[in-house]
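Work through the three exercises below with the structure in view. Each task is followed by its solution in steps.

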Amino acid sequence: MPVLLVLVTLIGALGGAVVVARAGNRVDVLAVARDVPIGQQVAAQDVKVVSFADDPGLSPIPATQRASVVGQRAAVDLHPGELLTRSQLRTRGGLGDTDQVVGVELKRGFVPRGELRPGDKVAAVVLRAQGADSGATGSGAAGSEVPDTIDATVKSVGTPDSTGALVVNLVVAPADGPLLATKAAAKQIALVRQPRQSGS
């Protein structure tokens, strides 16, 4: 019996040593320091270095790669305390090599008032030109025509002027940039905010 007791004691001691050793295997990784909305660039103040117990099931970004993170854009809403992973960031920094920015001036009633923020996905609805022939035949079929839309992401939102009009800078694909700029200049654009991801 004493021998069995000694073996049990040794096994328990060894198990505890393994747990302590694993707990001591910590690495410095990046975590989110403050809220970063989806689509917004990550600034140096948005991330911090934390000590993390190495876990093969998790893949936070090593602290040594902090410089490569700054300037990238959040692919999802980032919240303080979260460990930062590559899947939470866009693979290319800034706007990238293919995106374009178009400034769109919108009158009151053509943009959700107080609802837009950087990173929001929107549909830029192309409106029919004022006075244009709608092709109505009296049956009402022409009026049910679905308008063209351009997918865009809000880069920044200006301050409304005395009439309620404001300028929204939109990020769009290069194929859509010229069309959006042309229709915006003709005051033929209205914005519709798309649903945000859960928790945003």
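A residue is buried under 20% relative accessible area, exposed over 50%, and partly exposed in between. The model shown is predicted.

**Exercise 1.** Find where Lys187 is placed, and decide how its accessibility should be classed.

Solution. Step 1: Lys187 sits in the loop between H3 and S9. Step 2: its relative accessibility is 42%, so Lys187 counts as partly exposed. Step 3: look at the backbone as well; Lys187 has a positive phi of about 60 degrees although it is not a glycine.

**Exercise 2.** Give the order of the strands in the open sheet of five, and state which strands stand at the edges.

Solution. Step 1: the order reads S5-S8-S7-S6-S9, and the pairing is antiparallel. Step 2: S5 and S9 each have a single partner strand, so these two are the edges, and one side of each lacks a neighbour in the sheet. Step 3: on average, neighbouring strands are turned by 45 degrees against each other, direction ignored. Step 4: take one pair in detail; S5 and S8 are joined by seven bridges, and Val102 is opposite Leu170 in S8. Step 5: add the helix; H3 lies across S5, S6, S7, S8 and S9, at about 15 degrees to S5.

**Exercise 3.** Which residues of the largest nonpolar core touch the most other members?

Solution. Step 1: the core has 19 residues, and those sought are Val104, Val168, Leu170, Leu180, Ile189 and Leu191. Step 2: trace the suppliers; S5, S6, S7, S8, H3 and S9 each give at least two residues. Step 3: S8 gives the most, four residues.

Conventions:
Residues are numbered from 1 along each chain as its sequence is written. This is a predicted model: local features need pLDDT of at least 70, side-chain atom pairs count only at pLDDT 80 or more; totals for chains, interfaces and linings use all residues. Side-chain values use heavy atoms; hydrogens and water are left out. A nonpolar core is a set of buried Ala, Val, Leu, Ile, Met, Phe, Trp, Tyr and Cys residues joined through side-chain atoms within 4.5 Å. Buried means under 20% relative accessible area, exposed over 50%, partly exposed in between (1.4 Å probe, protein chains only). Two strands pair if DSSP finds at least two bridges between them. Axes are lines fitted to C-alpha atoms, for helices over the stretch in contact, and angles run from 0 to 180 degrees between N-to-C directions. Contact means heavy atoms within 4.5 Å.
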